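Work through these exercises with the model open. Each task is followed by a solution in steps.

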Amino acid sequence: MSAADVKPIALYVHWPWCVRKCPYCDFNSHAIGSGADEAGYIRALLKDIDAAVALSGRRPVSSVFFGGGTPSLMSVAGFETLMNGLRERLPFAEDAEITLEANPGTHEAARFAGYVANGVNRFSIGVQSFNDERLKALGRIHDRRQALQAVETALKHVDNINLDVMYALPGQSMDGAVEDARTAVASGATHLSFYELTIEEGTAFYKREPAGLPDNDTAAEMGETVASILAQAGFEHYEVSGYAKPGHRCRHNLNYWTFGDYIGVGAGAHGKITTKGGILRTERRANPQLYMDDAANGRFAAQLSFVLAESLPFEFMLNVLRLYDGVPVSLWEEATGLSFDVIGKTVDALRGEGLLAKDPQRLVCTPLGRNWLSTVQERFLADNEL
Ligand SMILES: C[S@@+](CC[C@H](N)C(=O)[O-])C[C@H]1O[C@@H](n2cnc3c(N)ncnc32)[C@H](O)[C@@H]1O
Ligand code: SF4
């Protein structure tokens, strides 16, 4: 077994159903309608993980993320079957971070204890806003009271929780964004993900833009104001949208942002596995029913493709430059197997322009580079060197 085989790996498990589809959401999530075939889906996930492990090898799992969709719709009995099946197939690190995404506003708060009994040690709660009018405009099924209740319940069971909050919402004023940031800080969460609402193609908001969206300048100002409130409250801004109390950075996401390997199982899930032949990307079939049909018929529901060497500079920078501390320069060679010369000229040019820091040991944006992040990343596209 080579050294790459025993490096820890992260595991992402996708749950593709929600109570209702939100009008802004372009994730692979579907209204649950008359119900999901939970047992069938869990059986498919376990077959899927067998296929994934055949590719990755039995590497120790350093983090698991149950994302969606709304994985907290899963029954505790179903979750227990799934966790037992995963543990049979892969060795878990003793201190593995195990996160489950949970939506306020359904009855699943009562299940938090059951998830924790089966290994969950971190919840990520989709609060979005603490303002009832904003929540209504977002088509959410919960209100402020239920959001606060979900946080309180989660904190009774684990001491590590993330809240997803969005800003630049329809009808939101600066005061509204400030109020949401202050409430998030006061909630006791150890990690906050603050996203600017984006209008994604294919969503209901894209077809019909909601009234009262803040303009770009106001949205940017809201982002800066939120960041300063969170910083004053002791949250480290360590990634574009990520803020953590010291010692509470999300290990699962840090693995993505440091270009680590991960297994992705479930409908539409993506994976990245370093093999002897190169870096392999995997993508599962997105439609939940077709995904389950494939698994039931013994078909492997994934497309596989090797990342071309010429795509690696951009793919690598797309991840690592999101980190406000950046990464050591040595990570490039370690993660890609390619020499620094491949990116050296572009790195030097960006350092000269003040967009990357001049520190020879690190790849990291300057504050100016962070403002132009996508432009900086695009400079690493194969046809756009220098
Ligand atoms: C995978 S989603 C699902 C989490 C969970 N189901 C929920 O909605 O509560 C993760 C997060 O992405 C964010 N998100 C989804 N669509 C977005 C959009 N169009 N713009 C900005 N953030 C978005 C939301 O904050 C959401 O909680
Ligand atoms: S935002 Fe969350 S709850 Fe809403 S549709 Fe997307 S995944 Fe489901």
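A residue is called buried when its relative accessible area is under 20%, and exposed when that value is over 50%. The model is predicted.

**Exercise 1. Find the buried residues of helix α7 and say which elements they pack against.**

Solution.
- Locate the helix. α7 covers residues 174-186.
- Check its length. Its 13 residues reach 18 Å from first C-alpha to last, close to the 18 Å expected at 1.5 Å a residue.
- Apply the cut-off. A177, V178, D180, A181, T183 and A184 are buried.
- Recall the helix repeat. An α-helix has 3.6 residues a turn, so residues three or four places apart point the same way.
- Look for the partners. The buried residues of α7 pack against the strands β6, β7 and β8 and against α6 (144-157) and α9 (216-232).
- Step past the end of the helix. Just after α7, G188 has a positive phi of about 95°.

**Exercise 2. Decide whether S193 and N162 are buried or exposed, then trace their side-chain polar contacts.**

Solution.
- Place S193. It sits in strand β8, residues 191-196.
- Classify S193. Its relative accessible area is 7%, so S193 is buried.
- Place N162. It belongs to strand β7.
- Classify N162. Its relative accessibility is 3%, so N162 is buried.
- Join the two. The side chains of S193 and N162 make a polar contact at 3.1 Å.
- Follow N162 further. Its side chain also makes a polar contact with the side chain of H191, at 2.8 Å.
- List the wider contacts of S193. Leaving aside neighbours within four places in sequence, S193 is in contact with N162, L163, D164, V165 and S241.
- Do likewise for N162. Not counting residues up to four places away, N162 touches several residues, including R122, F123, S124 and I125.

**Exercise 3. Describe the shell around ligand 1 and the side chains that approach its polar atoms.**

Solution.
- Count the shell. 17 residues surround ligand 1, and the closest are G69, Q128, R140, D164 and T198.
- Sort by class. The shell has five nonpolar, seven polar and five charged residues.
- Map it onto strands. β6 (122-128), β7 (161-167) and β8 each supply at least two shell residues.
- Start with nitrogen. A ligand nitrogen atom is 3.1 Å from an N or O atom in the side chain of N103.
- Turn to oxygen. A ligand oxygen atom is 2.8 Å from a side-chain N or O atom of R140. For D164, a ligand oxygen atom is 2.7 Å from a side-chain N or O atom.
- Finish with cover. On its own, ligand 1 has 560 Å² of accessible area, and the protein covers 91% of it.

Methods:
Residues are numbered from 1 along each chain as its sequence is written. Chains are lettered from A and ligands numbered from 1 in the order in which they are written. This is a predicted model: local features need pLDDT of at least 70, side-chain atom pairs count only at pLDDT 80 or more; totals for chains, interfaces and linings use all residues. Side-chain values use heavy atoms; hydrogens and water are left out. Helices (H or I, at least four residues) and strands (E, at least two) are DSSP runs, numbered from the N terminus. Buried means under 20% relative accessible area, exposed over 50%, partly exposed in between (1.4 Å probe, protein chains only). A polar contact is a pair of N or O atoms within 3.5 Å; within protein, one must be able to donate a hydrogen and the other to accept it, and residues adjacent in sequence count only if both atoms are side-chain atoms. Contact means heavy atoms within 4.5 Å. A residue is near a molecule or strand if one of its heavy atoms lies within 4 Å of it. Accessible areas come from the Shrake-Rupley method with a 1.4 Å probe; for residues, only the protein chains shown count as cover. Ala, Val, Leu, Ile, Met, Phe, Trp, Tyr, Cys and Pro count as nonpolar, Asp, Glu, Lys and Arg as charged, and the others, Gly among them, as polar. The expected span of a helix is 1.5 Å times one less than its number of residues.
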